[in-house]
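Could you walk me through this structure? I'd like to get the overall layout before going into the side chains.

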Amino acid sequence: MASGARCSSLTRNATMKIQRMKIGTRLSLSFAIVLAMLLAVGVLTSWKLQEIDRLKTDLAARAEMTQLAMRWMEDNNVNFARRMSIIQSGGLQSLRDYLEPRIEETSKRLDEARQALKERSRSEEGRRMLAGIEQAQQEYLAIQAKVDAMFREGDVMGGMAKADKELVPAVAAYTKALQEYVDRQQHLNRQAFDAVSEAVNEAKWGLIGFTAVAIALGALFAWRITRSIVVPMGAAVHHASVIAEGDLTTTIEVNRHDEIGELQRSMNTMQERLRELVARIRQSTDSITTASGEIAAGSQDLSSRTEQ
């Protein structure tokens, strides 16, 4: 109840303040409100676009890290398959000559991906996982070097046994650590994508809502300002019509301080002057009528005397 009374009081005060403004001031105020709303929409749009751009940059970085991690794992799997082919062949020299240059080339590409991931990793957890992967890689490469040495020394059976017993589990641990890192990057990539989608939706609905509010407020202000001009102008036109029809008894109540109020006061003043003028004319007419009667009576009396 108190809240409704307060709102009603605020509305009346706002209406009175608007009525005290000049028409030019009201129109300027309405344009200023529209421009302010457009500026607010522009600022909101710019802010949301910057946020979306930042999230898109983060998404692109996450996607690139995911690709690097997957390339690392794929290259590692390829190299392990090549090394196992050499081991299972009993260290066949022709096969070694064919595969080892390719293993070396893939290892360089793998190291480039690993180094790029280390440089781009920003979180403590990501650095910890990379350190764990590198440790597993070093253990795997150390066992691989021992197996290669055994093959070079001619201990083929010992090398194959060591590969089955130690190398395969080491590679499995290394691959598992890599897969966990890839899974984490893919999860972060999905999170970044969801964040971009959410930001786009928030921007869309925020702009729709803000635009709707701006249109509603603009329409309300336009209606109030238009009404504050049209209604009193209609009253002034009606008053002028009443005066034109000869009714000088009706006056218009003036409670405004703008150009329309000045027009209404001027019309009341004009009406008062017309009433005074009509009164003087009426008084002059009565005087003329009286004087005419007296002249007519005098003329009749003179005529009677003359006849006598």
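Reading along the sequence, the protein chain runs α-α-α-α-α-α. That comes to six helices and zero strands. Keep in mind that this is a predicted model, so every value here is computed from predicted coordinates.

Some overall numbers help before we zoom in. The protein chain has 308 residues, and 29% of them are buried. Its accessible surface comes to about 19,700 Å², with 60% of that belonging to carbon and sulfur atoms. As for contacts, take those between residues at least 6 apart in sequence: 75% of them join residues at least 24 apart.

Let's start with H3, which covers residues 93-120, and move on from there. Right after it, in the loop between H3 and H4, sits Ser-121. Is Ser-121 buried or exposed? With a relative accessible area of 7%, Ser-121 is buried, since the cut-off for that is under 20%. Leaving aside residues up to four places away in sequence, Ser-121 touches Met-65, Gly-126, Arg-127 and Leu-130.

Next comes H4, spanning residues 124-152. H4 has 29 residues and reaches 42 Å from its first C-alpha to its last, close to the 42 Å expected at 1.5 Å a residue. Just after H4, have a look at the backbone of Gly-154, which takes a positive phi of about 90°. Then the chain enters H5, residues 156-244.

Now for the charged side chains. How many salt bridges does the structure hold? There are 13. A good one to begin with is Asp-111 with Arg-114, where the closest N and O atoms are 3.7 Å apart. Why might these two be placed to meet? Asp-111 and Arg-114 are three residues apart in H3, so about one helical turn separates them. The partners differ in their surroundings: Asp-111 is partly exposed, with a relative accessible area of 33%, whereas Arg-114 is buried at 17%.

Arg-114 has another partner, too. Arg-114 also forms a salt bridge with Glu-134, and here the closest N and O atoms are 2.8 Å apart. Because Arg-114 lies in H3 and Glu-134 in H4, this pair ties together parts that are 20 residues apart in sequence. Both ends of the bridge are tucked away: Arg-114 is buried, and so is Glu-134.

Over in H5 there's a salt bridge between Lys-162 and Glu-166, with the closest N and O atoms 2.9 Å apart. Lys-162 and Glu-166 are four residues apart in that helix, so they too are separated by about one helical turn. Lys-162 counts as buried at 17% relative accessibility, while Glu-166 is partly exposed, with a relative accessible area of 30%. Going back to the bridges around Arg-114, shared partners join Asp-111, Arg-114, Lys-118 and Glu-134 into one network.

From charges, let's turn to rings. The structure holds one aromatic pair. Which residues make it, and how are their rings arranged? Tyr-140 and Tyr-174 form the pair, and it is stacked, at 5.6 Å centre to centre with 25° between the planes. Since Tyr-140 lies in H4 and Tyr-174 in H5, the pair ties together parts that are 34 residues apart in sequence. Both tyrosines are out of reach of the probe, or nearly so: Tyr-140 counts as buried at 1% relative accessibility, and Tyr-174 counts as buried at 0%.

Tyr-140 also gives us a way to place Pro-169, which lies in H5. The C-alpha atoms of Pro-169 and Tyr-140 are separated by 8.7 Å, with their positions 29 residues apart along the chain. Unlike the buried Tyr-140, Pro-169 is partly exposed, with a relative accessible area of 43%.

Finally, look at the outside of the model. Val-213, Leu-217, Leu-220, Phe-221 and Trp-223 make a nonpolar surface patch of about 460 Å². Where does Trp-223 sit, and how accessible is it? Trp-223 is found in H5, and it is partly exposed, with a relative accessible area of 47%.

Definitions and conventions: Residues numbered from 1 in each chain as written. Predicted model: local features only at pLDDT ≥ 70, side-chain atom pairs only at ≥ 80, totals over all residues. Heavy atoms only, no water. Salt bridge = Lys/Arg side-chain N within 4 Å of Asp/Glu carboxyl O. Buried < 20%, exposed > 50% of the residue type's maximum accessible area, 1.4 Å probe, protein only. Patch = residues over 30% accessible without salt bridge, like charges linked within 9 Å, V, L, I, M, F, W, Y side chains within 5 Å. Areas by Shrake-Rupley, 256 points an atom, 1.4 Å probe, with all protein chains shown as cover. Contact = heavy atoms within 4.5 Å. Expected span 1.5 Å × (residues − 1). Phe/Tyr/Trp six-rings, centres within 6.5 Å; stacked < 30°, edge-to-face > 60°.
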